[in-house]
Amino acid sequence: MSSSPKTTSQYLLQLPVLVAALGYLVDMYDLFLFSVVRVPSLKALGVVGDQLLPEGVFLLNMQLAGLLIGGVLWGVLGDKKGRLSVLFGSILLYSLANLANGMVTNLSQYAVLRFIAGIGLAGELGAGITLVAEILPQKLRGYGSILVATMGVWGGVLAYFVADLFEWRISYYVGGGLGLLLLVLRVNVFESGLFVQLKDKKVSRGNIGMLFTKSRFSKYMLAILVGVPLWFVVGILITFSPEFGLSRGLPDPVIAGKAVMLAFSGQAIGDIVSGVLSQRLQSRKKAIGIFIILSFTLMVVYLLAPITTNTQFYILCACLGFCNGYWTLFIILAAELFGTNLRATVATSVPNFVRGATIPLGAIFVALKPSLGVTNGALVIGATVVVIALIALYFLDETFTKDMNYEE
């Protein structure tokens, strides 16, 4: 007697999907905890005045460099050894590094541990999204991205409240503890069926060299470029919101942690809207394009609107976050572009190269600041990355109806 087909909720509430969503929550908690505790942690280590910005940029760049390297390492491992190998290894490395972050006594230690934590974090989202994309049927992949993204974004919100309630070192201990708890939950997670089938086939898996054919490399680079505006908003506009608030002459200093919390609260709503929109339009590209245009509109308002109060500024941070709500949808698109034997490599490395784009963007921002000022420098960079992203999106294939059961 055949069993009845699964309902939508049964598909979405499978343990691998839920664990991937919780993994993204822990991922986002740590990624933005530094944005929240940047100033108090640096001050505690003896950094003051004008050195807060450059030292903060340096530590952020160390974390992003770790993400870049880890994105490639974990991606290859995910295609060679399986999605679960990444979900276990990445969270263990992240957790231990985060616990050690709470014990630093100088900037050199802080920098090394942010780098190691970055490597650990790099595998979380890509492996989780790959697992979700391969487990869920085509018609539900967009809803899976909503669940993962929404849970993840609340990690940024959690980072704010934990840092607000506790001293910055305790905040890092909490992140490490959450990671270890998640590691225990992952013991019963099962591997992607598509990857299990792939292991029995004589096909090259996780081979970086396969990306360097003309057609694959162009798809890979275009996918990265589509996501760059996301991390311009997060890595520049929100992370350095205190500096933007100061340039606007606001009556009170802007609290970076509050700006991050509001931006991610807005993104939680945006993730839901973009996922539903993608399902309704039957298109990844159309939904992403709409959100990129919305994002640029809010960038302009954030930088140029005549605001006079901190409340108005914080509302704009939340609106910017909402327009950033295509992050996980964009990673689903990247995963759908490539076959099972390269899918984890792509889905893990693409978002981390996007995150890593904050390094050159930050350097350009610092270089333009003396001549153009904070506002105009950011506007020039923002307009440039948005135009490039829209052009890249135009040349990518639509993947909404694409079957995941194929190899490169």
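Two exercises on a predicted model follow, each with a worked solution.

Residues are numbered from 1 along each chain as its sequence is written. Local features need pLDDT of at least 70, side-chain atom pairs count only at pLDDT 80 or more, totals for chains, interfaces and linings use all residues, and side-chain values use heavy atoms, with hydrogens and water left out.

**Exercise 1.** Determine whether Q267 and L281 are buried, partly exposed or exposed, and list their contacts.

Solution.
- Step 1: Q267 is in helix α12, and L281 is also placed in α12, residues 256-281. Helices here are DSSP runs of H or I with at least four residues, numbered from the N terminus.
- Step 2: Apply the cut-offs: buried is under 20% relative accessible area, exposed is over 50%, and partly exposed is in between (1.4 Å probe, protein chains only). Q267 has 4%, so Q267 is buried. L281 has 34%, so L281 is partly exposed.
- Step 3: Contact means heavy atoms within 4.5 Å. Leaving aside neighbours within four places in sequence, Q267 is in contact with V153, G321, F322, N324, G325 and W327. Not counting residues up to four places away, L281 touches K286, A287 and I290.

**Exercise 2.** Find which helix gives the most residues to the lining of the largest pocket.

Solution.
- Step 1: The lining of the largest pocket consists of 30 residues, with R38, V39, P242, V254 and A256 nearest the centre. A pocket is an open set of points on a 1 Å grid over the protein atoms alone, where a 1.4 Å probe fits, with protein on both sides within 12 Å along at least five of seven lines; lining residues have an atom within 4 Å of a point.
- Step 2: Helices that each supply at least two lining residues include α2 (15-44), α3 (52-80) and α12.
- Step 3: α2 gives the most, with six residues.
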